[in-house]
Amino acid sequence: MGIIDIDNLSAFYGKAQALSNVSISVEPGETIAIVGANGAGKSTLLDCIMGLVKTTGTIRLNGEDVTGLKSSQMVKRGIGYAPERFNLFPHMTVRDNLLVGAYTAREDIEKNMAAVHRLFPRLEEREGQETSTQSGGERQMVSLGRALMTSPRILLVDEPTIGLAPKVCNEIAEVLRKLSAELGLTVIVTEQNANFALSLASRLYVLEGGHVTATGTAEELAKDDQLAKSYFGA
Amino acid sequence: MMQIIIQGLLLSGLYALIAMGFMLIFSIGRTLNLAYGAYIMVGGYIYFWLSQQIGMPKVVGFLGAVVVGAIMGLLKHRLIVKPLKGDPVAVEISTLILAVIMQSAVVLLFGDASKILLPIIPGVVTISGAQVTYNILAATVMSWVIILALYAFIRGTHTGRAMQAVSMDQKGAAISGVDPDRINMITWAISGGLGAAGGVFFASYTQLSPTMWVAPVIISVAIVIVGGIGSIIGTLIVAHIIGFLEIIVVAVWAPELRGVFTMLLIIGVLIMRPQGLFGREEH
């Protein structure tokens, strides 16, 4: 039994099937990556785990069946989510954005805020700034920070490097590594950039057209010529 | 001149209070709650019934009005807004129908004729040559107290911040652990309570009648459209613009023109600056 077990998950948008029979299992403290092209279903998969999209199949957290629970319930059970489009509150300050993240974790505010400021010193410098006036990199930091304010045990991160400069990507990667190594968080990250994913994750799942088409460690997947060509630029 | 300034301030404070509850629902629930005037009317009548017909203390009358208003807001959310989720036009039409039903209920229970509320606090004071009743002064002071309390609540509490969050990004709020449904429900209750509180003061400023719900809705729509979505400060400022506009027009021109300039202001702002004078651009 993993910390999170997804079994035969399918999701639909109207009549279009976005995910078909996806099964994923993650061990506590592990970092895994979901790799796939645009429209492969990566964001849908994370939205499903978060209870934002109706699904068939089952999702278990530490063995407990949590399929169909609301997002707020999932947050309470220890899942933090940094979505691709951030979904920040544009006319609130950085600090207030982070505090909304603490909605269900009020007794941990001081501890979590200190941790977020240690990881992203820039957020402390700019805590009074409205997020609508921030750069993409800074918004990504607020988004990750807000997820950390929920006191998560599992962190879902959707395409953290999309549209960001390489220097910022490295900073984000560094933070994700720290979260796993120092805080023992379980991390599920989605990426189009397989090399970035490889630098973080111990295992990868390849998602194509809503199906998991391959899974394994980095070395195992690199042996597959077809995959190597499509995703690893080999 | 002094008369105009004092009357303007008094009327504007009242308008600000009335518009606040309407603005909350417009910003957070994304609904133009055309039945908002029903809270105001019911608030006025409940206060009248409790304090003047049954003879309870005025404080009990006021609190009773606020509680009934809040319950009405809750029920409306549960029975109409939630089942019609995602269809603002259907919600607006049903809320309007509801207001008309409430009007009939009031006629049935209290009769057609207008009723005069006894002053909440009797007496008159002269400020710089202008005669001001304690009643309207008390209404204005209470308006400000309620507005400041609301501001502190929205800016400084977890629930208040969650309300702002839901108004800006529902998904973002949900993944932060906020249940947008619950926040919406709380907002509807607060809005109902605010409307009923405003209704008590509005009724004491004018009088009680089964059609008294119409004018406050128009004023609220005007203030929120001109002020812009999601801004307590904007609502406050525009309430003063509209309040003073009305007082000045009545004083220097003719009482019949009272609402005309307000309407022209709405149309002007809709054309020149659709997001409102103090509103933010929607993404």
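Biologist: Where is the kink in α1(B) centred, and about how big is the bend?

Modeller: This is a predicted model, and in it α1(B) kinks by about 30°, with B:Met20 at the centre.

Biologist: What span would be expected for helix α1 of chain B, and what does the model give?

Modeller: The usual check is rise per residue. At 1.5 Å a residue, 40 Å is expected for α1 of chain B, which covers residues 2-29. The model's 28 residues reach 40 Å from the first C-alpha to the last, close to that expectation.

Biologist: How many residues of α1(B) are buried?

Modeller: Start with the general idea. An α-helix has 3.6 residues a turn, so residues three or four places apart point the same way. Now the case here: 22 of the 28 residues of α1(B) are buried, so the helix is largely enclosed by the rest of the structure.

Biologist: What happens just after α1(B)?

Modeller: Look at the backbone there: B:Arg30 has a positive phi, about 55°.

Biologist: Let's pick another helix. Where does B:Leu137 sit, and which residues does it touch?

Modeller: B:Leu137 belongs to helix α5 of chain B, residues 134-156. Leaving out residues up to four places away in sequence, B:Leu137 touches B:Val125 and B:Val132.

Biologist: Is B:Leu137 buried or partly exposed?

Modeller: Count the neighbours. A residue is buried if 20 or more other C-beta atoms lie within 10 Å of its own. B:Leu137 has 19, so it is partly exposed.

Biologist: How far is B:Leu137 from B:Ile6, in sequence and in space?

Modeller: Sequence distance and spatial distance are separate readings. These two are 131 residues apart in sequence, with their C-alpha atoms 9.7 Å apart. For chain B as a whole, take contacts between residues at least 6 apart in sequence: 74% of them join residues at least 24 apart.

Biologist: Which radius of gyration does chain B have, and what would a compact globule have?

Modeller: Compare the two values. A compact globule of 283 residues would come out near 19 Å, and chain B has 18 Å, which agrees. Along the principal axes, its C-alpha atoms fill a box of roughly 55 × 45 × 35 Å, and 49% of its residues count as buried. Its secondary structure comes to 11 helices and 2 strands.

Biologist: How many residues of chain A and chain B are in contact?

Modeller: Read an interface from each side. Here 24 residues of chain A contact 18 of chain B. On the chain A side, α2 (71-76) and α3 (94-101) are the elements giving two or more residues. That side divides into 12 nonpolar, 7 polar and 5 charged residues.

How values were computed
Residues are numbered from 1 along each chain as its sequence is written. Chains are lettered from A and ligands numbered from 1 in the order in which they are written. This is a predicted model: local features need pLDDT of at least 70, side-chain atom pairs count only at pLDDT 80 or more; totals for chains, interfaces and linings use all residues. Helices (H or I, at least four residues) and strands (E, at least two) are DSSP runs, numbered from the N terminus. The expected span of a helix is 1.5 Å times one less than its number of residues. The bend at a residue is the angle between axes fitted to the seven residues ending there and the seven starting there. A residue is buried if 20 or more other C-beta atoms lie within 10 Å of its own, exposed if 12 or fewer, and partly exposed in between; C-beta atoms are placed from the backbone. Two residues are in contact if their C-beta atoms, placed from the backbone, lie within 7 Å. Ala, Val, Leu, Ile, Met, Phe, Trp, Tyr, Cys and Pro count as nonpolar, Asp, Glu, Lys and Arg as charged, and the others, Gly among them, as polar. The radius of gyration is taken over C-alpha atoms; the globule rule is 2.2 Å times the number of residues to the power 0.38.
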